[in-house]
Amino acid sequence: MDDQREVNDDFILESVISDDYLWNNIIYKMVLLTQNSDLRKSGIYGWTLPAHWVTLSSGKKFNTCPNAGICGAFCYAKSGTYQFSNVKKAHLEKLELVLFNRAKWLNLMNEEISKPKYTGKFIRIHDAGDFFSEQYAQDWLYLAKQNPKTIFYTYTKEVELFKYKLRLSVPPNFIVIYSFGGRQDKMIDTDVDRHSDVFHDYDEMIAKGYNDIGEDDKQSAINQNHKVGLYRNNIKHFIKKMGDKNFSQWQKK
Ligand code: SF4
């Protein structure tokens with residue numbers, strides 16, 4: 001019995017060491033906040049997760065966008081470069097770091113964002129994925145509070161979470177844009193809430209008073225106009241599928 005426990009203990013110890021070794025290796029190569037040429041031009045850094053339903057390394061399924069609605073059917077992050085194996089791997093590693101090594105992730109993020117290069121700059125949380133839990137959202141609010149000279153912004157389908165549950169915890173340097181196409185669209189008040197919609201028709205987007213942020217994404221967070229217009233992407237099968245409706249209209253159907 002005792003022998004068996006010793007064997008088990010050894011096994012557990014070995015697992016922990018090899019896990020740490022593995023994590024350190026992954027973290028060593030991980031670029032926490034990334035920039036493409038458009039984001040660089042606008043002074044924005046991005047953090048992202050895999051989109052929607054994900055298969056974890058263990059084989060279990062995990063949903064990073066629990067309140068995604070119709071957007072899931074048009075999701076840009078389910079095609080193109082997002083599906084390249086190296087990109088998928090990098091996004092999955094980030095998710096698993098948050099899920100399985102949260103304290104480490106939080107420390108690493110805080111250390112990273114404290115660097116002078118982020119002063120006065122913008123961090124866009126989630127190119128893909130969303131706030132999959134209240135704890136994860138609170139972690140981001142903590143990071144924003146720790147780094148008041150950096151502006152954090154995010155498009156989200158988690159309307160209830162930010163509009164009601166966490167309303168009083170959101171610091172001024174954390175800007176939320178409620179994004180149409182999710183299961184909580186009805187909670188978005190288009191008169192007062194900063195929000196975004198994806199339009200099938202560019203002229204309609206402008207005529208309805210939505211700001212075109214195509215050239216500078218951070219305008220979604222700082223422009224006086226709280227109506228953020230996103231013109232549909234250029235992916236052929238999505239254009240066909242989207243037809244003559246915006247995301248808000250598809251979700252209402
Ligand atoms: S919330 Fe964003 S990432 Fe998630 S399914 Fe919708 S469009 Fe894709």
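1. What is the mean pLDDT of the chain, and what share of its residues reach 70 or more? This is a predicted model, so that question comes before any other. The mean is 90, and 92% of the residues reach 70 or more. Residues 1-15 are another matter: there the pLDDT is below 50. Beyond near neighbours in sequence, this stretch has zero contacts in the model. Where pLDDT is low, the predicted coordinates should not be read in detail.

2. Overall dimensions. The chain has 253 residues and a radius of gyration of 20 Å. A compact globule with that many residues would have a value near 18 Å, so the two agree. Along the principal axes, the C-alpha atoms fill a box of roughly 75 × 40 × 35 Å.

3. Packing. Buried residues account for 30% of the 253 in the chain. Contacts also reach far along the sequence. Take those between residues at least 6 apart: 67% of them join residues at least 24 apart.

4. Secondary structure and the sheet. The chain contains 10 helices and nine strands. Seven strands make up an open sheet, with parallel pairing. Reading across, the order is β1-β4-β5-β6-β7-β9-β8. At the edges lie β1 (44-47) and β8 (211-212), each of which pairs on one side only.

5. One strand pair in detail. β7 covers residues 195-199 and β9 covers residues 227-231. The two run parallel and are joined by five bridges. For a landmark on screen, find V198, which stands opposite L230 in β9.

6. The ligand shell. Which residues surround the ligand? One group is A51, H52, C65, A68, C71, G72, C75 and A77; the others are A128, G129, D130 and K157. By character, the shell divides into seven nonpolar residues, three polar and two charged. The two charged positions are D130 and K157. H52 and both glycines, G72 and G129, count as polar.

7. K145. This lysine is found in helix α5, which spans residues 134-146. Is K145 buried, exposed or partly exposed? It has 14 C-beta neighbours inside 10 Å, so K145 counts as partly exposed. The cut-offs are 20 or more for buried and 12 or fewer for exposed. K145 and M30 are 115 residues apart in sequence. In space, their C-alpha atoms are 24 Å apart.

Technical notes: Residues are numbered from 1 along each chain as its sequence is written. This is a predicted model: local features need pLDDT of at least 70, side-chain atom pairs count only at pLDDT 80 or more; totals for chains, interfaces and linings use all residues. A residue is near a molecule or strand if its C-beta atom, placed from the backbone, lies within 6 Å of it. Two strands pair if DSSP finds at least two bridges between them. Helices (H or I, at least four residues) and strands (E, at least two) are DSSP runs, numbered from the N terminus. The radius of gyration is taken over C-alpha atoms; the globule rule is 2.2 Å times the number of residues to the power 0.38. Two residues are in contact if their C-beta atoms, placed from the backbone, lie within 7 Å. pLDDT is the predictor's confidence in each residue, from 0 to 100.
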